[in-house]
2 protein chains.
Amino acid sequence: MARFFIAGTNFKGGMAIIRGRDAEHVRVLRLRPGEDLTICDAQGTDYKCRLVSAEPDRVEAEIIDVVPCPGEPSVAVTVLCGLPKGDKTDYLIQKCVEAGASEIVFFLSDRCVAKPETPEKKLERWQRIAEEAAKQSGRGIIPSVSWAGEFAEALNIANRKELKIFLYETGEREGLDAVLEANKTAESVALITGPEGGFAPFEADLARIVGLHVCSMGERILRCETAPVVATTAVMYATGNLS
Amino acid sequence: MARFFIAGTNFKGGMAIIRGRDAEHVRVLRLRPGEDLTICDAQGTDYKCRLVSAEPDRVEAEIIDVVPCPGEPSVAVTVLCGLPKGDKTDYLIQKCVEAGASEIVFFLSDRCVAKPETPEKKLERWQRIAEEAAKQSGRGIIPSVSWAGEFAEALNIANRKELKIFLYETGEREGLDAVLEANKTAESVALITGPEGGFAPFEADLARIVGLHVCSMGERILRCETAPVVATTAVMYATGNLS
């Protein structure tokens, strides 16, 4: 079923009025009066609607039902990644949103190859990728994409979550599965992963001192754009959001 | 540590002799005598070696230790995918190999958009992507990529595995997590996923009749190139290969 986020929609007296880009989209999809569509408020609630009229710039639909969005996971996962090179960011955002992440944060770490002077300029495009992926995969929110700046700030953001995990590929670590099994009821989880070259040992030390779980995902070396997707999927599995 | 598969390597009296492309690769990496490298036999065993000499076309290394490859999962996952369009195949192969799949099989199903006349021609490139990903991620085998032809043959291949799972996004299904929890000791698992447009209902019916578990991964709609990666990760998590 066609799915829209509420941007450009007004709810009035049991009706949803869609304008702008989304109204155009309804036309492109050739939806006809009597057909159903879902309008999501981007805060976890779906409005099931039936199309009444579709004009070029104004679409009206009757609200049939209001339900919690079934695609929205019960756990809020914040993915924090050392900024990778090139368009790996795009892939990472799209796949993490599909996998169920609620928030994606990029930061600079010691071994980042990409060191953009104005990463803020990319935020608009990154946010659009997140919105498209959220719409396509049936999410109930539009996960935010943001820029933390330095590694220390990423640690700070992670530290505000209930369960905080730093994924590291060497040295003494806990198993990711054991940590997740022991924290199945956590409502918010931070997952920190590194850039192409991984983390420097002092960064892992710092994460440990701050109180994060330094975890292993096994002996396979995952690319920097793959690790966050695998880690997010592990959280979804452990918290019953993959059934 | 630099890592090679055995192709082009001979083991003789405690020494490994590397020739051809891999010998060239040792030179490109500027490895020097005394440095360590790992040569994997592509059957799950790693030979830890120390470089003795590196000539343009012939590299000699002393075998220091022989160990089971730590990156090789304990479960053999066969990923069977309805052929997706364009370079989604490449992505799918690379990420499934990283995630731990042992075998990737493409097939034609009712809603495949891509209907190549000679998919066999692509196998060589696909296999090279699998080999690169296996080398990079520290796998102990080179997962094979193959072409099954029709959907019925994919079902046939799946049916020879201990646990057979058909991932489907609608109708009556078991939770993937429940099925995996009940089959943690399976040594071989088949995961069937669909092309861009998903499976036709008659294909799901057939899978059910043949005795496959028809499973859900939750209400998020995963892209055809994402679903196999998420499903493979779920199997790795459930079988203790993500710790």
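Trainee: Let's start with one residue: in which element of chain B does Val79(B) lie?

Mentor: Helices (H or I, at least four residues) and strands (E, at least two) are DSSP runs, numbered from the N terminus. Val79(B) belongs to strand 7 of chain B. Keep in mind that this is a predicted model, in which local features need pLDDT of at least 70 and side-chain atom pairs count only at pLDDT 80 or more, while totals for chains, interfaces and linings use all residues. Residues are numbered from 1 along each chain as its sequence is written, with chains lettered from A and ligands numbered from 1 in the order in which they are written.

Trainee: Is Val79(B) buried or exposed?

Mentor: Here we count other C-beta atoms, placed from the backbone, within 10 Å of the residue's own: 20 or more is buried, 12 or fewer is exposed, and in between is partly exposed. Val79(B) has 28 such atoms within 10 Å, so this residue is buried.

Trainee: Which residues is Val79(B) in contact with, leaving aside its neighbours within four places in sequence?

Mentor: A contact is called when two C-beta atoms, placed from the backbone, lie within 7 Å. Val79(B) has Cys96(B), Ala101(B), Ile104(B), Leu191(B), Pro228(B) and Thr232(B) as contacts of this kind. Take Cys96(B): 17 residues along the chain lie between the two positions as a sequence separation, and their C-alpha atoms are separated by 7.9 Å.

Trainee: What is the strand order in the sheet of chain B?

Mentor: Two strands pair if DSSP finds at least two bridges between them. In chain B, seven strands with parallel pairing form an open sheet, in the order 9-8-7-12-10-13-11. Strand 9 (144–150) and strand 11 (174–175) of chain B are at the edges with a single partner strand each, so one side of each has no neighbour in the sheet.

Trainee: How many bridges join strand 11 of chain B to strand 13 of chain B?

Mentor: Two bridges join these parallel strands, and strand 13 of chain B covers residues 213–216. You can find the pairing by looking for Glu174(B), which stands opposite Cys215(B).

Trainee: Which strands does helix 6 of chain B lie across?

Mentor: For angles, axes are lines fitted to C-alpha atoms, for helices over the stretch in contact, and the angle between N-to-C directions runs from 0 to 180 degrees. Helix 6 (residues 201–210) of chain B lies across strand 10 (163–167), strand 12 (188–193) and strand 13 of chain B, at about 125 degrees to strand 13 of chain B. Helix 7 (residues 227–238) of chain B lies across strand 7 (76–82), strand 10 and strand 12 of chain B, at about 155 degrees to strand 12 of chain B.

Trainee: Let's turn to the other chain. Where is Glu153(A)?

Mentor: Glu153(A) sits in helix 4 of chain A. With 15 C-beta neighbours inside 10 Å, Glu153(A) is partly exposed. Beyond residues up to four places away in sequence, Glu153(A) touches Phe107(A) and Ala148(A). The C-alpha atoms of Glu153(A) and Phe107(A) are separated by 8.1 Å, although the residues are 46 apart along the chain.

Trainee: Which domains does the assignment give for chain A?

Mentor: Domain bounds come from an automatic or database domain assignment. For chain A, these are domain 1 (2–68) and domain 2 (76–238). Over C-alpha atoms, 33 Å separate the centres of the two domains of chain A. Their contact takes eight residues from domain 1 of chain A and five residues from domain 2 of chain A. On the domain 1 side, strand 1 (2–5) and strand 5 (45–55) of chain A give two or more residues.

Trainee: How many residues of chain B are in contact with chain A?

Mentor: 32 residues of chain B are in contact with 32 residues of chain A. On the chain B side, the elements giving two or more residues are helix 2 (88–99), helix 3 (123–137), helix 5 (176–181) and helix 7 of chain B. Helix 7 of chain B gives the most, with five residues. Also, 100% of the interface residues of chain B are interface residues in chain A too, so the copies meet through the same surface.

Trainee: What turn lays chain B on chain A?

Mentor: Two copies of a chain are related by a rotation about an axis and a shift along it. Copies are superposed by least squares on the C-alpha atoms of residues with pLDDT of at least 70 in both. A turn of 180 degrees and a shift of 0.0 Å along the axis lay chain B on chain A with an RMSD of 0.0 Å. The two copies are therefore related as by a two-fold rotation axis.
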